[in-house]
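Here's a quick briefing to read with the model open in your viewer. It goes through the charged pairs, then the metal site, then the sheet and the domains.

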Amino acid sequence: MKGIFWSRLLLTAALCWGSGAGLALAAPPEAGPEGAVVHGSANAITVNGDAIFNHVSRLAASSRVAGTQNEYNAVQYIKGELEKYGYTVNLQSFTFPKFTAPSSIQLTIEGTHGLASQQLAPQALQNTQGGDVSGEVVDAKKGTPQDVKGLELKGKIALIEAGQIDTNAKIANVADQGAVAVILYNPSSDTPILDTQFSTLSLPTVSLSGKDAQALKQKTAANGGPRVRLSVQGVAAMAATSYNVVATLRPNTTTTTSDLVTVGAHHDSVSAGPGANDDASGVGIVLEVARAVAGTQRDSEVRFLTFGAEEYGLYGSQAYANSLSSTDIGRFIGHFQLDMVGSKNSGTLGMYTVNGQKNVVTDLGATFASRLSGVIPYGRFGRSDHVPFYQRGVATALYTHSPAEPEYHTRYDTIDKISKDKLANVATIVGNSVVEILSPTTPTFKRYKDFFTPVNYPYDPNPPV
Ligand code: BES
Ligand code: ZN
């Protein structure tokens with residue numbers, strides 16, 4: 001069995017491309033100066049686009065909101081598949097504050113001198129507090145400590161411009177001065193701010209369009225600025241339980257290194273739709289790469305991970321990254337994150353790091369991509385599960401297509417938008433990058449530049465969204 005597998009691998013020198021057939025890397029050119037890999041191709045893997053598509057299809061049969069039975073069913077499916085490939089699989093449970101968006105929000109400028117009151121069109125920020133408050137609106141500029149110093153905010157509603165410092169910090173600053181609610185705005189935006197907030201905001205917080213906010217700000221200039229009433233109803237933040245799936249594969253050679261590499265995707269989705277691309281696509285690739293890697297020779301350890309509660313604020317990857325010992329952190333070569341990697345309606349593949357700099361994860365990806373389907377760019381983008389790894393000092397990049405598809409976070413993110421070719425292409429690039437690290441013919445990857453020359457690849461200044 002193993003013999004057949006190996007001989008098939010060695011024979012797949014030609015590039016075969018297509019959804020049904022396996023996808024193999026082209027044989028590397030004779031060791032050239034660029035993209036030269038000393039040994040890797042002998043251990044190259046072939047992935048099956050149909051298998052990935054079938055995983056995505058199974059997972060995208062329903063939404064997988066963190067903390068629900070649907071998410072748990074997805075976790076069991078992933079665990080079961082990994083066990084079929086011979087993995088030891090652990091579930092890591094964690095709790096997170098599950099935010100329920102308000103059922104109603106009203107922001108009213110109260111009428112004075114017999115004038116009618118005026119309704120505005122606010123949006124609630126994720127993780128806002130609920131409440132029903134009224135008070136005078138005060139312009140708190142950008143809400144920095146200098147901006148709010150000496151401002152009389154007790155019982156008042158702070159109007160704050162976005163930018164410069166973190167939203168949570170702005171809110172904390174005005175709350176310290178006694179403000180009871182916050183209206184946030186971006187002066188140059190036609191629509192209210194819809195940013196996702198990582199952690200619970202300390203006050204009821206809504207956003208307005210730049211235009212509405214500027215009009216309100218004008219009124220604050222007058223003596224005894226306008227009074228508004230803000231009602232944010234139906235907000236809830238209940239502790240919920242979610243899970244990460246952790247599948248570990250130890251070295252199978254006699255001489256081993258202490259190197260560790262991880263590959264991850266999030267298995268939860270938003271409630272709006274089934275999240276076929278976000279991020280069943282990433283999970284499908286994690287599963288297929290795990291299957292293929294289990295048949296290789298490895299002198300280092302690999303872990304395949306799927307994370308819960310990403311959509312509520314990266315909670316699963318945060319829990320996983322925080323649970324790593326400093327010894328394990330020291331063993332890391334890198335973490336490959338897959339998020340939104342198969343839509344027909346998205347752009348081209350790129351690798352995004354938190355600080356916008358290249359690292360071993362992008363060097364490998366660009367090199368394998370250049371042999372398969374052409375060089376791919378790197379850029380700067382957070383907003384997925386690579387962030388907590390970065391925060392612990394691990395070299396990491398998010399693989400995704402840019403620009404993102406219009407179906408992102410809608411009910412239209414369904415299986416019919418998924419491209420087998422895109423899935424197979426990303427899986428081949430990431431899978432063979434991982435295999436290169438694990439290969440017994442590459443020494444420890446800590447000093448990879450001694451024996452691996454990455455190709456040149458460009459910077460993409462545009463984020464995917
Ligand atoms: N998959 C998205 C992030 C993303 C968007 C990747 C576009 C590639 C292209 C992810 O699931 C998400 O929605 N993240 C949140 C942030 C998170 C901290 C809650 C977001 O972007 O709003
Ligand atoms: Zn996602």
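Asp 328 and Arg 331 sit three residues apart in helix H9 (residues 326-331), which puts about one helical turn between them. Their side chains form a salt bridge, with the closest N and O atoms 3.0 Å apart, and both residues are buried. Keep in mind that this is a predicted model.

**Salt bridges**

- The count for the model comes to 15 salt bridges.
- Glu 301 and Arg 250 make one of them, at 3.1 Å from N to O.
- Glu 301 belongs to strand E14 (residues 301-307), while Arg 250 is in the loop between strand E12 (236-249) and strand E13 (260-266), so this pair ties together parts that are 51 residues apart in sequence.
- The two ends of that pair have quite separate surroundings: Glu 301 is buried, at 4% relative accessible area, whereas Arg 250 is exposed, at 54%.
- Asp 416 and Lys 417 form another salt bridge, with their closest N and O atoms 3.2 Å apart.
- Here Asp 416 is partly exposed, with a relative accessible area of 47%, and Lys 417 counts as buried, at 18%, because the cut-off for buried is under 20%.
- Which residues are joined into one network by salt bridges that share partners? They are Arg 250, Glu 301, Arg 303, Asp 328 and Arg 331, so the helix H9 pair from the start turns up here again, in a network with Glu 301 and Arg 250.
- As a general point, side chains of opposite charge can pair when their charged atoms come close.

**Zinc site**

- The zinc ion (ligand 2) has protein donors from His 266 (NE2), Asp 278 (OD) and Asp 339, the last listed with two OD entries, and these donors lie 1.9 to 2.6 Å from the ion.
- Along the sequence, the donor residues follow the spacing H-x11-D-x60-D.
- His 266 comes from strand E13 and Asp 278 from helix H7 (residues 276-293), so to speak a link between distant parts of the chain, with the two residues twelve apart.
- Buried or exposed, what are these two donors? His 266 is buried, with a relative accessible area of 0%, and Asp 278 is buried too, at 3%.
- If you're setting up the metal, note the geometry: six donor atoms surround the zinc ion (ligand 2), and their angles run from 51 to 166°, which makes the arrangement irregular.

**The eight-stranded sheet**

- Eight strands make up an open sheet with mixed pairing, in the order E5-E4-E11-E7-E8-E9-E10-E6.
- Strand E5 (118-120) and strand E6 (123-124) are at the edges with a single partner strand each, so one side of each has no neighbour in the sheet.
- Strand E8 (residues 157-161) pairs with strand E9 (residues 181-185) in the parallel sense, over five bridges.
- To find that pairing in the viewer, take Ile 160, whose bridge partner in E9 is Leu 184.

**Domains**

- The protein splits into domain 1, which takes in 2-98 and 239-450, and domain 2, which covers 102-234.
- How many Å separate the C-alpha centres of domain 1 and domain 2? The distance is 41 Å.

Key
Residues numbered from 1 in each chain as written. Chains lettered and ligands numbered in written order. Predicted model: local features only at pLDDT ≥ 70, side-chain atom pairs only at ≥ 80, totals over all residues. Heavy atoms only, no water. Pairing = 2+ DSSP bridges. Helix = DSSP H or I, 4+ residues; strand = E, 2+ residues; numbered from the N terminus. Domains from an automatic or database assignment. Salt bridge = Lys/Arg side-chain N within 4 Å of Asp/Glu carboxyl O. Buried < 20%, exposed > 50% of the residue type's maximum accessible area, 1.4 Å probe, protein only. Donors = N, O, S within 2.8 Å, 3.2 Å for Na, K, Ca; no water. Tetrahedral: all angles 85-135°; square planar, octahedral: opposite > 155°, others 65-115°.
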